[in-house]
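Me: I am new to this structure. Can you walk me through its features, one at a time?
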Amino acid sequence: MTENQQAEIEWRDGAVPVSTRFADPYYSRQDGLAETRHVFVAGNGLPDRFRPGFHIAELGFGTGLNMLAALKAWIASATPGRLRFTSFEAFPMAARDMAQALAAFPELTDQARPLLAAWSEGRTRIETDHLDARIVLGDARESLSEWHGRADAWFLDGFAPARNPELWQPDLLQEVALHTAPRSTCATYTAAGLVRRALADAGFTVERRPGFGRKRHMTVGRLP
Ligand SMILES: C[S@@+](CC[C@H](N)C(=O)[O-])C[C@H]1O[C@@H](n2cnc3c(N)ncnc32)[C@H](O)[C@@H]1O
């Protein structure tokens with residue numbers, strides 16, 4: 001991971017990683033796992049939509065919490081085969097920081113083990129009985145257009161749009177739509193107008209839903 005700039009982290013309450021580059025936490029300080037389940041898993045209609053070969057894609061891998069929560073839901077759903085997961089990340093976390101962050105979620109310990117083993121060896125492909133994951137390192141504004149996949153569900157998880165506008169810009173969200181299977185979905189914790197407009201312009205039918213914790217609204221999108 002030498003060619004990429006590593007994430008710079010400080011810790012809030014000793015447990016929640018905060019990016020010093022973007023001055024924003026990686027997930028809710030209230031309960032990161034509950035937020036992930038509400039926004040990204042339920043927001044994309046999961047686990048009900050899971051089927052063999054299901055493919056989730058994500059902008060912003062961070063700690064891997066979203067992937068592990070989705071994987072836990074996949075295993076509980078007993079869908080045959082492996083969950084496919086592709087995430088785009090420009091500033092990979094150091095393995096020790098990822099381990100410290102994920103230690104706050106003991107119910108994901110089994111799912112986290114292969115991720116942490118791979119990450120500490122500089123591997124970005126994680127393959128287990130239940131998971132086939134790939135983390136694409138580099139700026140998503142360049143790497144997504146080179147990707148050949150089409151996701152059944154997108155987790156749009158950049159830092160707050162005001163702090164990390166790169167990950168919410170309209171042409172990147174157009175690329176997201178181009179890399180989404182028909183009648184498939186995206187979800188994000190933000191309900192910022194510029195994000196909702198950009199998703200609508202990209203072809204998604206956009207819906208505002210109740211947000212997690214202190215956030216009043218979140219956004220889901222669906223392609224025709
Ligand atoms: C809110 S965090 C993601 C949290 C993550 N999904 C998790 O489960 O921990 C946002 C992530 O987007 C990444 N990011 C910011 N700008 C990016 C860019 N231009 N391309 C790819 N990743 C980017 C950050 O480094 C950070 O890891």
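Me: By class, how many residues in the shell around the ligand are nonpolar, polar and charged?
Reply: This is a predicted model. Sort the shell by class, and you get eleven nonpolar, seven polar and five charged residues.

Me: Which residues are closest to the ligand?
Reply: Start with the whole shell: 23 residues surround the ligand. The closest are G60, G62, T63, L65 and A90.

Me: Which helices and strands each supply at least two residues of that shell?
Reply: Look at α2 (65-77), β5 (83-89) and α5 (140-146).

Me: Now the sheets. What is the strand order in the open sheet of three strands?
Reply: Read it as β1-β2-β3, with antiparallel pairing. β1 (9-12) and β3 (24-25) each have a single partner strand, so they stand at the edges, and one side of each is left without a neighbour in the sheet.

Me: How many bridges join β2 to β3?
Reply: Two bridges join β2, residues 16-19, to β3. To find one by eye, go to S19; its bridge partner in β3 is D24.

Me: Which strands pair with β11?
Reply: Take β9 (residues 180-188) to begin. β9 pairs with β11 (residues 217-222) in the antiparallel sense, over four bridges. There, A187 has V220 as its bridge partner. β10 (residues 205-210) also pairs with β11 in the antiparallel sense, over six bridges. P210 and H217 are bridge partners across that pair.

Me: What lies between β10 and β11 in their hairpin?
Reply: Six residues lie between the strands. Check G213 in this hairpin: G213 takes a positive phi near 60°.

Definitions and conventions:
Residues are numbered from 1 along each chain as its sequence is written. This is a predicted model: local features need pLDDT of at least 70, side-chain atom pairs count only at pLDDT 80 or more; totals for chains, interfaces and linings use all residues. Two strands pair if DSSP finds at least two bridges between them. A residue is near a molecule or strand if its C-beta atom, placed from the backbone, lies within 6 Å of it. Ala, Val, Leu, Ile, Met, Phe, Trp, Tyr, Cys and Pro count as nonpolar, Asp, Glu, Lys and Arg as charged, and the others, Gly among them, as polar.
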